[in-house]
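Okay, hi everyone, thanks for making time. I'd like to walk you through one model today, so let me put it up on the screen.

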Amino acid sequence: MTQTEWILDSLKRGPLTPIDALNGCGCFRLAARIADLRQAGHPIETKNKNLANGKTVAEYHLKESTAC
């Protein structure tokens, strides 16, 4: 399974942060893989997540489908 496949599968199960991707599939460049997925047509949104240590990281989500 490629990093991009692992990331898409993880996004289908819930939000994903860079540390999740690093621990899950060894991906150091999650933003680049997210860009690849967006270019392939996947609706992914980015939210900022504040950590307990005061740092802010990106958290990626698949957008909810509005189709009936």
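So, helix 1 and helix 3 are roughly perpendicular to each other. Keep in mind that this is a predicted model. Two packed helices are described by the angle between their axes and the distance between the axes. For this pair the angle is about 80 degrees, and the axes sit 10 Å apart. Anything from 65 to 115 degrees counts as roughly perpendicular, so that's why I can use the word here.

Which residues of helix 1 and helix 3 meet? From helix 1 you get Gln3, Thr4, Ile7, Leu8 and Leu11. From helix 3, the partners are Leu30, Arg33, Ile34 and Leu37. Sort that contact by class, and there are six nonpolar, two polar and one charged residues.

Let's pick out Thr4, which is in helix 1. Buried or exposed? Neither, really: Thr4 is partly exposed, with a relative accessible area of 24%, and the cut-off for buried is under 20%. Skipping neighbours within four places in sequence, Thr4 touches Arg33 and Leu37. Thr4 and Asp36 are 32 residues apart along the chain, but their C-alpha atoms are separated by 7.9 Å.

Now the buried side of things. In helix 1, which covers residues 3-13, the buried residues are Trp6, Ile7, Leu8, Ser10 and Leu11. They pack against helix 2, helix 3, strand 1 and strand 2. Over in helix 3, Leu30, Ala32, Arg33, Ile34 and Leu37 are buried, and that group packs against helix 1, helix 2, strand 1 and strand 2. Each of these helices is followed by a glycine with a positive phi: Gly14 after helix 1, near 155 degrees, and Gly41 just after helix 3, about 105 degrees.

In soluble globular proteins, nonpolar side chains tend to be buried together. Here, the largest nonpolar core has 13 residues. Those with the most contacts inside it are Ile7, Leu11, Leu30, Ile34 and Tyr60. Helix 1, helix 3 and strand 2 each supply at least two residues of this core, and helix 1 gives the most, with four. If you click on Tyr60, you'll find a long list of partners outside its own stretch of sequence, including Leu11, Leu30, Ile34, Gly14 and Ile44.

Last stop: the cysteines. How many disulfides does the structure hold? Zero. Cys25 is in no disulfide, and the nearest cysteine sulfur, in Cys27, is 5.0 Å away. Why no bond between them? Because a disulfide needs the two sulfurs within 2.5 Å, so 5.0 Å is too far. As for burial, Cys25 is partly exposed, at 22% relative accessible area, whereas Cys27 is buried, at 2%.

Where is Cys27 placed? In the loop between helix 2 and helix 3. Leaving out neighbours within four places, Cys27 contacts Gln3, Ile7, Pro18, Ala21, Leu22 and Arg33. Cys27 and Trp6 are 21 residues apart along the chain, with 9.8 Å between their C-alpha atoms.

That's my tour, so let's hear your questions.

Methods:
Residues are numbered from 1 along each chain as its sequence is written. This is a predicted model: local features need pLDDT of at least 70, side-chain atom pairs count only at pLDDT 80 or more; totals for chains, interfaces and linings use all residues. Side-chain values use heavy atoms; hydrogens and water are left out. Buried means under 20% relative accessible area, exposed over 50%, partly exposed in between (1.4 Å probe, protein chains only). Contact means heavy atoms within 4.5 Å. Axes are lines fitted to C-alpha atoms, for helices over the stretch in contact, and angles run from 0 to 180 degrees between N-to-C directions. Angles under 35 degrees count as roughly parallel, over 145 as roughly antiparallel, 65 to 115 as roughly perpendicular and the rest as oblique. Ala, Val, Leu, Ile, Met, Phe, Trp, Tyr, Cys and Pro count as nonpolar, Asp, Glu, Lys and Arg as charged, and the others, Gly among them, as polar. A nonpolar core is a set of buried Ala, Val, Leu, Ile, Met, Phe, Trp, Tyr and Cys residues joined through side-chain atoms within 4.5 Å.
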